[in-house]
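Work through the exercises below with the model open in a viewer. Each task is followed by a stepwise solution.

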Amino acid sequence: MARQFCENGASLTPSLEPPAPLTTLQRALLWIAFLFVAATRVYALARTMWDWDEVQFAAGVREFNVGHPFHHPHPPGFPLYMLAAKLVRPLASSDFHACQTIVFLAACALFPLAFLLARELRFDFLTAYCGALLFVFFPNVWFYGGTAFSDIAGLAASLAAAVLLLRGCRSDRSFLAGAVVLGIAAGIRPQALLVGFAPFLLASWFQLRKSWSRVAIGAAIVAAIIAASYTGAALASRSVDAYQAELQLVRAWVRGVDSFLSPQRPPLLTLADDFLLRAQGGNRLPVVVAALAVLALVWTAAARAAAFIRRGRAAAPQSGGFAAAVQIWLAVAILAPFALFTWLMLDYHSVHRYSTAYVLLWALLAAEGARVLAAPLRRWSAPAQVVLLALITGRAAYWTLPALRDVRSNESPTVAAMLWVRVHVGPRQPVWVHASLEPFTEYFLFDRDVRLVNSYTELPRVGVGPRDFFASEGFLPAAEFASTRPRARLWEIARHRYFETSVVAAANVWGFGEGWYGEESDGHIVWQWMGRRSVTLLPATSARAKLRLTLAAPPHLDPVVEVRLNGATVDRFRCGATPMPREWVVASRTHAPNELEIVASETTKVDPDPRDLAVQLLAYGWEAVR
């Protein structure tokens, strides 16, 4: 009976016997899929780093230091990931590529690891094979496999630990090996313990029947590796006290800002769509996958209930429905805890990155749902399951390709801006940088006179030279240099940051004050609305300066607009909905900020916008006239 359950893909105690041996054809299919998946991971390799955490990992390879004020990388330091990158660094062309190499190798390992875990859970061969393929071609899993984040490396180690621990139910060596790998996974990312908890608990239950000391040794191994990893991270940092202080700050940040305890965080029910339904990224793909996953859960629950009703409680454990429930719910026990933790505690802006750790559950459930859906076709059920999952996987891959094409071909906006500054700003010349780019300046401009500001209003309005520059995330009008990454599909996978960066002459960074609403953008241009009257501070410059404004009014409004500089009227004209560029040469203050005042004769409301709108500022410029 146990062998029958193994062959059919379900067993009440799946780890007491090994899975049914693979046939020669099945082994060949696995090798073909592995080589194909590895080739596709090459296509996903990003040309440069892009996000905040990536540059901190690169900085950690250059000089590991988690303590304040350095986050190289950010707490808790991800010590074993950093150690692996440092070991690879002599063979890599850069710190970034050292991290990326580790991630790439882990990404290549995801398919066989996912398949092996599914087999240990006693999913049948087709379900395990197709589910693992669907998993590695989810948009977020494929994309992040080409980056320098630690998530994919931590995931690969977590899956390897889960496989070994499930084997550890029947093998003493596998149990101890699983403990070692679980400790390593937690040394990469502490959250790996959430994935390894259920397999370790299950394996320990079986091992206790043979030797309680072996279970104690396994637990000690996990604890020792974790303790050594993070003690080493503290000692490798500049100060153990600073390391511990940063850990406390991160815990407070997670509780007060990222978690459900934060009053600024959207409600959990609102976030459930992102964390639980659309976790893998994509457009309609998540809906199809979720539908199949729900079908698998409902069918499993119904089959188990039917088994109890038909055969009674005593016979139920021998039924196929009950056995199928074991494999499904054990998969849920392994992968769902991290999903719940992410939903409750982590930054909702980075959901697609964090979800790489648990969307394997979605893939396996969807593959099982496809099997259930195809079952009525009887002899054609297996081909139908394969065709359905192949269509879904192919669609996922086709949808993701344009996003990968851009990151593998072009420099990211953040790196492009830093490299532009290094080329065009002299080594002794100050460069003003918005704090949102701070880790990039620490890495790329470590030898330059960088002056960080938290807002445009902190920039000096007096003594600004013609070759003083300001770099910032986002679009800035009159930029000397701007780099943008098309949002489109990348917007559905990556964090919504650093899609645009700009470098602008500091004299063209205006201090928007009274009367202005916040900056807005559609991903291509940036603009600001004002009410009836606005005040803006312009930097001091030469005695004469050129002022440029491009203004427009809301639809069906043509107000009279008066432009004043330092109290003197510059011009007075009627403004319409068509953008109107204007340019004037004016007298400028040389030792004090200049005050620009714009006054409109009337305002209106544009439904559903509740604001009083008068004038839209689309472009502007301010430069000395010699």
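**Exercise 1. A helix pair**

Which residues in helix 10 meet which residues in helix 11?

Solution. The model is predicted, so the values that follow are computed from it.
- Step 1. List the helix 10 side: L193, F200, S204, Q207 and L208.
- Step 2. List the helix 11 side: W212, R214, V215, G218, A219, V222 and I226.
- Step 3. Sort the residues of this contact by class: eight are nonpolar, three polar and one charged.
- Step 4. Take the axes of helix 10 and helix 11: they come within 8 Å and cross at roughly 160°. An angle over 145 degrees counts as roughly antiparallel, so helix 10 is roughly antiparallel to helix 11.
- Step 5. Add the hand: the crossing of helix 10 and helix 11 is right-handed.

**Exercise 2. The loop after helix 10**

Find where S211 sits, and decide whether S211 is buried or exposed.

Solution.
- Step 1. S211 is placed in the loop between helix 10 (192–208) and helix 11 (212–236).
- Step 2. Its relative accessibility is 15%. Buried means under 20%, so S211 counts as buried.
- Step 3. Check the distance to D172: S211 and D172 are 39 residues apart in sequence, and their C-alpha atoms are 9.6 Å apart in space.

**Exercise 3. A second helix pair**

Describe how helix 3 and helix 4 cross, and name the residues that meet.

Solution.
- Step 1. The axes of helix 3 (residues 52–62) and helix 4 (residues 79–88) come within 9 Å and cross at roughly 60°.
- Step 2. Helix 3 and helix 4 are therefore oblique to each other.
- Step 3. Their crossing is right-handed.
- Step 4. From helix 3, F57, G60, V61 and R62 meet Y81, M82, A85 and K86 of helix 4.
- Step 5. By class, the contact of helix 3 with helix 4 has five nonpolar, one polar and two charged residues.

**Exercise 4. Backbone exceptions**

Which peptide bond joins H72 and P73, cis or trans? Look also at P75 to P76, then at the phi angles of R122 and R378.

Solution.
- Step 1. Start from the background: most residues other than glycine have a negative phi, and most peptide bonds are trans.
- Step 2. The bond between H72 and P73 is cis, with omega about -5°. P73 lies in the loop between helix 3 and helix 4.
- Step 3. The bond from P75 to P76 is cis too, with omega near 5°. P76 also lies in the loop between helix 3 and helix 4.
- Step 4. R122 is not glycine, yet its phi is positive, near 75°. Its place is the loop between helix 5 (95–120) and helix 6 (125–136). With a relative accessible area of 2%, R122 is buried.
- Step 5. R378 is not a glycine either, and its phi is positive at about 55°. Its place is the loop between helix 17 and helix 18 (381–409). At 70% relative accessibility, R378 counts as exposed.

**Exercise 5. Helix length and burial**

Compare the expected and actual spans of helix 17 and helix 8, then assess their burial.

Solution.
- Step 1. Helix 17 (residues 359–374) has 16 residues, so at 1.5 Å a residue it should span 22 Å. Its end C-alpha atoms are 23 Å apart, which agrees.
- Step 2. Of the 16 residues of helix 17, 14 are buried, so the rest of the structure largely encloses it.
- Step 3. Helix 8 (residues 151–167) has 17 residues. From first C-alpha to last it reaches 24 Å, close to the expected 24 Å.
- Step 4. Helix 8 is mostly covered, with 15 of its 17 residues buried.

**Exercise 6. A tryptophan in a strand**

Which residues does W527 contact, leaving aside its neighbours within four places in sequence?

Solution.
- Step 1. Locate W527: strand 8 (residues 526–530).
- Step 2. Its contacts are G518, E519, E520, S521, D522, Q616, L617 and L618.
- Step 3. At 16% relative accessibility, W527 counts as buried.
- Step 4. F475 is 52 residues away along the chain, and the C-alpha atoms of W527 and F475 are separated by 9.3 Å.

**Exercise 7. The whole chain**

How many helices and strands are in the protein?

Solution.
- Step 1. The protein has 20 helices and 15 strands.
- Step 2. Of its 626 residues, 55% count as buried.
- Step 3. Along the principal axes, the C-alpha atoms fill a box of roughly 95 × 55 × 40 Å.
- Step 4. Take contacts between residues at least 6 apart in sequence: 73% join residues at least 24 apart.

Conventions
Residues numbered from 1 in each chain as written. Predicted model: local features only at pLDDT ≥ 70, side-chain atom pairs only at ≥ 80, totals over all residues. Heavy atoms only, no water. Axes fitted to C-alpha atoms, helices over the stretch in contact; angles between N-to-C directions. Helix = DSSP H or I, 4+ residues; strand = E, 2+ residues; numbered from the N terminus. Parallel < 35°, antiparallel > 145°, perpendicular 65-115°, else oblique. Left-handed = near helix turned anticlockwise from the far one by under 90°. Contact = heavy atoms within 4.5 Å. Nonpolar A, V, L, I, M, F, W, Y, C, P; charged D, E, K, R; others polar. Expected span 1.5 Å × (residues − 1). Buried < 20%, exposed > 50% of the residue type's maximum accessible area, 1.4 Å probe, protein only.
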